[in-house]
Amino acid sequence: QVQLVESGGGLVQTGGSLRLSCAASGSIFSITAMGWYRQAPGKQRELVATITSGGSTNYADSVKGRFTISRDNAKNTVYLQMYGLKPEDTAVYYCNAGVLTKTFRRIDSWGQGTQVTVSS
């Protein structure tokens, strides 16, 4: 019913930047919070940043000052601008959205993930 498609991952050197995008489509009436999570090999998935429909943001301490989350409500799209990347940022990044469908079901939707690799 709802699909999230991420793009923008890749390989970058330490100190570099990347911009991730995630577009939601399908049976969407509205989206509340959207966010980015990441999972490194052998580690649990962790929150990176979230943003509400009103634009309030929340960041993990490890990315504050380096990453910026934003969204375009008209396009049902969320972005993650990443600067000053470090090897420890290497992970699969997942998009998440709290969706109210057109049939008024609430769904916690996830994307398929996009790999970010930071070389030292």
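Me: Before turning to this model, which distance makes a pair of cysteine sulfur atoms a disulfide?

Reply: A disulfide is a pair of cysteine sulfur atoms within 2.5 Å. In chemical terms, a disulfide is a covalent bond between the sulfur atoms of two cysteines. The model here is predicted, and a search of the whole structure finds one disulfide. Cys22 and Cys95 form this bond, with their sulfur atoms 2.1 Å apart.

Me: Where along the chain do Cys22 and Cys95 lie?

Reply: Cys22 belongs to strand β3 and Cys95 to strand β9 (residues 91-101). The two cysteines are 73 residues apart, and the pair links distant parts of the chain. Both Cys22 and Cys95 are buried.

Me: Why is the disulfide of Cys22 and Cys95 called left-handed?

Reply: The torsion about the S-S bond of Cys22 and Cys95 is about -80 degrees, so the disulfide is left-handed.

Me: How should the sheet that contains β3 be read, and what is the order of its strands?

Reply: Strands of a sheet pair through backbone hydrogen bonds, either parallel or antiparallel. In this model, an open sheet of four strands runs in the order β1-β3-β8-β7, and the pairing is antiparallel. The edge strands, β1 (2-7) and β7 (67-72), each pair on one side only. On average, neighbouring strands of this sheet are turned by 15 degrees against each other, direction ignored.

Me: How many bridges join β1 to β3?

Reply: Six bridges join β1 to strand β3 (residues 18-26), and the two strands run antiparallel. Within β3, Ser21 is the bridge partner of Ser7.

Me: Turning to charged side chains, how many salt bridges does a search of the whole structure find?

Reply: A salt bridge requires a side-chain nitrogen of Lys or Arg within 4 Å of a carboxyl oxygen of Asp or Glu. The search finds four salt bridges in the whole structure. One of them joins the side chains of Arg38 and Asp89, at 2.9 Å from N to O. Arg38 is in strand β4 and Asp89 in the loop between β8 (77-82) and β9, 51 residues apart.

Me: Which residue forms a further salt bridge with Asp89?

Reply: Arg66 does, with the closest N and O atoms 2.8 Å apart. Arg66 lies in the loop between β6 (57-59) and β7, and Asp89 in the loop between β8 and β9, so this pair ties together parts that are 23 residues apart in sequence. A network of salt bridges links Arg38, Glu46, Arg66 and Asp89.

Me: Are Arg38, Asp89 and Arg66 buried or exposed?

Reply: The cut-off for buried is under 20% relative accessible area. Arg38 counts as buried at 5% relative accessibility. Asp89 is buried, with a relative accessible area of 1%, and Arg66 is buried with 13%. By contrast, Asp61 and Lys64, which form a salt bridge with closest N and O atoms 3.1 Å apart, are both exposed.

Me: How many aromatic pairs does the structure hold, and how is one of them described?

Reply: The structure holds two aromatic pairs. One of them, Phe29 with Phe104, is tilted, at 5.1 Å centre to centre and 55 degrees between the planes. Phe29 is in strand β4 (residues 28-39), and Phe104 is in the loop between β9 and β10 (106-110), 75 residues apart. Both Phe29 and Phe104 are exposed.

Me: Which rings lie beneath Arg19 and Arg45?

Reply: Arg19 lies over the face of Tyr79, 4.1 Å from the ring centre. The charged end of Arg45 sits over the ring of Tyr94, at 3.7 Å from its centre.

Methods. Residues numbered from 1 in each chain as written. Predicted model: local features only at pLDDT ≥ 70, side-chain atom pairs only at ≥ 80, totals over all residues. Heavy atoms only, no water. Pairing = 2+ DSSP bridges. Axes fitted to C-alpha atoms, helices over the stretch in contact; angles between N-to-C directions. Buried < 20%, exposed > 50% of the residue type's maximum accessible area, 1.4 Å probe, protein only. Phe/Tyr/Trp six-rings, centres within 6.5 Å; stacked < 30°, edge-to-face > 60°. Lys NZ or Arg CZ within 6 Å of the ring centre and 35° of its normal.
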